[in-house]
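Dear colleague,

Please find the structure below, handed over for your own inspection. My notes on what was found in it follow directly after.

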Amino acid sequence: QVARGWLAYQLTGSFIALGAVELANSLPRMVLALYGGVLADRASRRVIMQVGQGVNAAMAAVLAFLLFTEALRFEHLVIAAVMQGVLNSFVLPARQAMIPEIVGTGRVMNAFALNVFALNMMRLGAPALAGWIIAGAGVGWVFTIMGVLNVLAIVAMFPVPKTTAATRAALRDVGGTAH
């Protein structure tokens with residue numbers, strides 16, 4: 001978000017453009033978040049997250065390419081913001097719902113607390129890191145790093161079981177938990 005906002009202002013010189021890009025990111029989440037929750041209840045949460053991370057990686061790569069070739073336009077930022085808003089509508093509910101499957105019912109409270117802590121630390125640290133990278137190497141490298149990190153996240157998710165609503169129901173029926 002920092003890099004996208006920075007670019008919106010750099011390309012247009014307008015604070016309104018910066019706000020418009022963030023609005024383009026937020027509106028899809030307001031409309032689609034409920035559908036994301038329904039999908040997270042019915043499909044494999046791991047697959048939802050991996051698909052979302054894959055599309056995010058591709059978007060970051062495209063934006064980095066456009067930056068490095070000096071072809072990036074404001075419209076590209078708006079499109080990327082809308083796409084990321086749509087993706088987050090599905091990925092974030094899947095991520096939250098996956099926590100009990102990974103840790104089991106006995107550790108849910110600690111896992112949720114750790115998840116909130118990690119998200120808040122990222123909210124604090126990531127903008128500073130993005131600013132440092134923008135100042136030191138350029139904004140194109142922020143998107144390059146984001147793409148690489150999303151690919152690593154996809155790979156890191158493969159050990160997580162690919163459960164579905166039917167699998168979760170079957171495990172509950174036999175008295176187990178959906179790990």
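Phenylalanine 15 is exposed, because its relative accessible area is 64% (exposed means over 50%, buried under 20% and partly exposed in between, with a 1.4 Å probe and protein chains only). Its partner tyrosine 9 is partly exposed, at a relative accessible area of 31%. The two rings form a stacked aromatic pair, 4.8 Å centre to centre with 25 degrees between the planes. Rings of Phe, Tyr and Trp (its six-membered ring) pair if their centres lie within 6.5 Å; planes under 30 degrees apart count as stacked, over 60 as edge-to-face and the rest as tilted. The structure holds two aromatic pairs.

This is a predicted model, in which local features need pLDDT of at least 70 and side-chain atom pairs count only at pLDDT 80 or more, while totals for chains, interfaces and linings use all residues. Residues are numbered from 1 along each chain as its sequence is written, and side-chain values use heavy atoms, leaving out hydrogens and water.

The largest nonpolar core (buried Ala, Val, Leu, Ile, Met, Phe, Trp, Tyr and Cys residues joined through side-chain atoms within 4.5 Å) has 20 residues. Those with the most contacts inside this core are Leu7, Leu72, Leu77, Val139 and Phe143. Two or more residues each come from α1 (2-12), α2 (15-42), α3 (45-68), α4 (74-103), α5 (108-136) and α6 (139-157); helices are DSSP runs of H or I, at least four residues long, numbered from the N terminus. The most is given by α3, with five residues. Another core, of eight residues, lies apart from this one and includes Val91, Ala94, Met98 and Met157.

Arginine 4 lies in helix α1 and counts as buried, at 6% relative accessibility. Beyond its neighbours within four places in sequence, arginine 4 is in contact (heavy atoms within 4.5 Å) with residues including Glu22, Asn25, Gln84 and Phe143.

Helices α3 and α4 pack at an angle of about 155 degrees, with their axes 9 Å apart. Axes are lines fitted to C-alpha atoms over the stretch in contact, and angles run from 0 to 180 degrees between N-to-C directions. The two helices are therefore roughly antiparallel, a term for angles over 145 degrees.

Finally, valine 160 sits in the loop between α6 and α7 (165-173) and is buried, at 15% relative accessibility. Not counting residues up to four places away in sequence, valine 160 touches Arg46, Met98 and Ile102.

Yours sincerely

Definitions and conventions: Angles under 35 degrees count as roughly parallel, over 145 as roughly antiparallel, 65 to 115 as roughly perpendicular and the rest as oblique.
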